[in-house]
Amino acid sequence: MPHPEQPISRRAARAAVATPRARGAWMSGAWMSKVPLRMRWTAFAIAFCAVAAIFAVSAFSLSGARGPGGAASVDTSNAAAAAVALPGGADATAAPATGLPVPAQTGAAARCDDPAVVTALAAGKDEDVVAAFGGGAAFRGAVVNGAAPCVDLGDPHRLWIVVDKRRPLNPLDVEPTELVAPADMQRTVDGRLQPAAAEALTALVAAAAQEGVGAIGLNSAYRSFASQTRTYNGYVNSLGRDAADQQSARPGFSEHQTGLATDVAACDSGCGAIESFGGTRQGAWASANAWRFGYIVRYESGYTDITGYEAEPWHLRYIGPELAKAYHDGGFHTLEDFFGLPAAPGY
């Protein structure tokens, strides 16, 4: 490695004492023969002393330029002049080169090839997939930034599926792999949900009772393609198609078909109509606390231009604890915004 150049005064002093030409003249036998021996020895002694003095001054300057522990002290005002010219314009204070290239910083990297992600996806363990990405917020960020191509927001068997008027189920009549009934709650129908959603709803209902807001009951949960067809046609027959499309999903476009959505009701003295849920203590509590159990209120008031539906404070959608926390903490109000998807006001 090249060393820093010596200060100009030291380099000049060395040159003044001995240059190739001066050394040649000094050693020239012709010149020496004309000088008496006594004078030659005197001159030699004077030159020797001069050289010794110069080296003594240099040594003193070098030792004085070192700080505690012998570390060299660099005047930052002259750093540019004192720096070694290293490849790529690096300065003299940089760490020694290792010969290994420094990776370019390109932002968030795809994590689909991580063993934990691969294993969780293969096992169908959605919560483990989210955790492998670093949690709900990191998962969402990877999806929105296009860094998670292995995450399919249209997969009907995943917690993160987004179903709206522009994102139908595939196939339209898909059915969940497993459905179970939530426990220990009042109900107006024998509704069933995917196991994780059912367990979370049981916990939500229990917490609402324990926190003094009253009973919450199940009004409707999973609906098959055929069941959703009957439901939708009922709205069309009574309201007309345009009005029906604001209140009910067409078959193949309903979250209820995933087994991850449920309509709930306040059940203090018998279960009331779902349309009144938003004005109850239970409705206010669910709006503020459903995320703690992995649920969100899917169709909030004021977002019809995005979701395509009028407000439904009774319609809870399960997305899992990690994603629900990220949804809540991020101040989101629709899954479309949460995942950076286009609005879906119409078919």
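How many helices and strands are there in the protein?

1. **Overall make-up.** The protein has 15 helices and four strands. This is a predicted model. The protein has 347 residues, and buried ones make up 35% of them. Its exposed surface comes to about 19500 Å². Carbon and sulfur atoms supply 59% of that area. Take the contacts with a sequence separation of 6 or more: residues 24 or more positions apart account for 63% of them.

2. **The sheet.** The four strands form an open sheet in the order β1-β2-β4-β3, and the pairing is antiparallel. β1 and β3 are the edge strands. Each has a single partner strand, so one side of each is left without a neighbour in the sheet. From one strand to the next, the twist averages 45°. β1 and β2 run antiparallel and are joined by four bridges. For a place to check this pairing on screen, take L218, whose bridge partner in β2 is V264.

3. **The largest nonpolar core.** This core holds 35 residues. The members that touch the most others are L193, L201, L204, I216, W285, Y295 and Y318. Several elements each supply at least two residues: the helices α9 (195-210) and α12 (281-289), and the strands β1 (216-220), β2 (261-266), β3 (295-299) and β4 (312-318). The largest share comes from α9, with eight residues.

4. **L204 in that core.** L204 is one of the members that touch the most others. Set aside residues up to four places away in sequence. L204 then touches I216, W285, A290, F293, Y295 and L316. Of these contacts, I216, W285 and Y295 are also on the list of members touching the most others.

5. **A second core.** Another core, of 27 residues, lies apart from the largest one. Its members include A148, V151, I319 and A324. A324 also appears among the buried residues of helix α14.

6. **Helix α6.** This helix spans residues 115-123. Which of its residues are buried? They are V117, A120 and L121. These three cover an arc of only 100° around the axis, which puts them on the same side of α6. The face turned away from that buried side carries P115, T119 and A122, which are exposed. The packing partner of the buried residues is α7 (126-132). After the helix comes G124, with a positive phi near 75°.

7. **Helix α14.** This helix covers residues 321-329, and L323, A324, A326 and Y327 are buried in it. Why do the buried residues of α14 line one face of the helix? Seen down the axis, they fall within an arc of 160°, so they line one face. They pack against three helices, α7, α8 (136-144) and α15 (335-338), and against strand β3. α7 is thus named as a packing partner for the buried residues of α6 and for those of α14. G331, just after α14, takes a positive phi of about 70°.

8. **The loop between α8 and α9.** Two backbone features deserve a look here. P171 sits in this loop. The peptide bond joining N170 and P171 is cis, with omega about 5°. D184 lies in the loop between α8 and α9 as well. D184 is not a glycine, yet its phi is positive, about 55°. Is D184 buried or exposed? Its relative accessible area is 74%, so D184 counts as exposed, the cut-off being over 50%.

9. **P345 after α15.** P345 belongs to the segment after α15. Its relative accessibility is 36%, so P345 counts as partly exposed. Which residue is 37 positions from P345 in sequence but 3.7 Å away in space, C-alpha to C-alpha? That residue is G308. Leave aside neighbours within four places in sequence. P345 is then in contact with K165, R166, T304, D305, I306 and G308.

Key: Residues are numbered from 1 along each chain as its sequence is written. This is a predicted model: local features need pLDDT of at least 70, side-chain atom pairs count only at pLDDT 80 or more; totals for chains, interfaces and linings use all residues. Side-chain values use heavy atoms; hydrogens and water are left out. A nonpolar core is a set of buried Ala, Val, Leu, Ile, Met, Phe, Trp, Tyr and Cys residues joined through side-chain atoms within 4.5 Å. Buried means under 20% relative accessible area, exposed over 50%, partly exposed in between (1.4 Å probe, protein chains only). Contact means heavy atoms within 4.5 Å. The arc is that of the directions from the helix axis to the C-beta atoms. Two strands pair if DSSP finds at least two bridges between them. Axes are lines fitted to C-alpha atoms, for helices over the stretch in contact, and angles run from 0 to 180 degrees between N-to-C directions. Accessible areas come from the Shrake-Rupley method with a 1.4 Å probe; for residues, only the protein chains shown count as cover.
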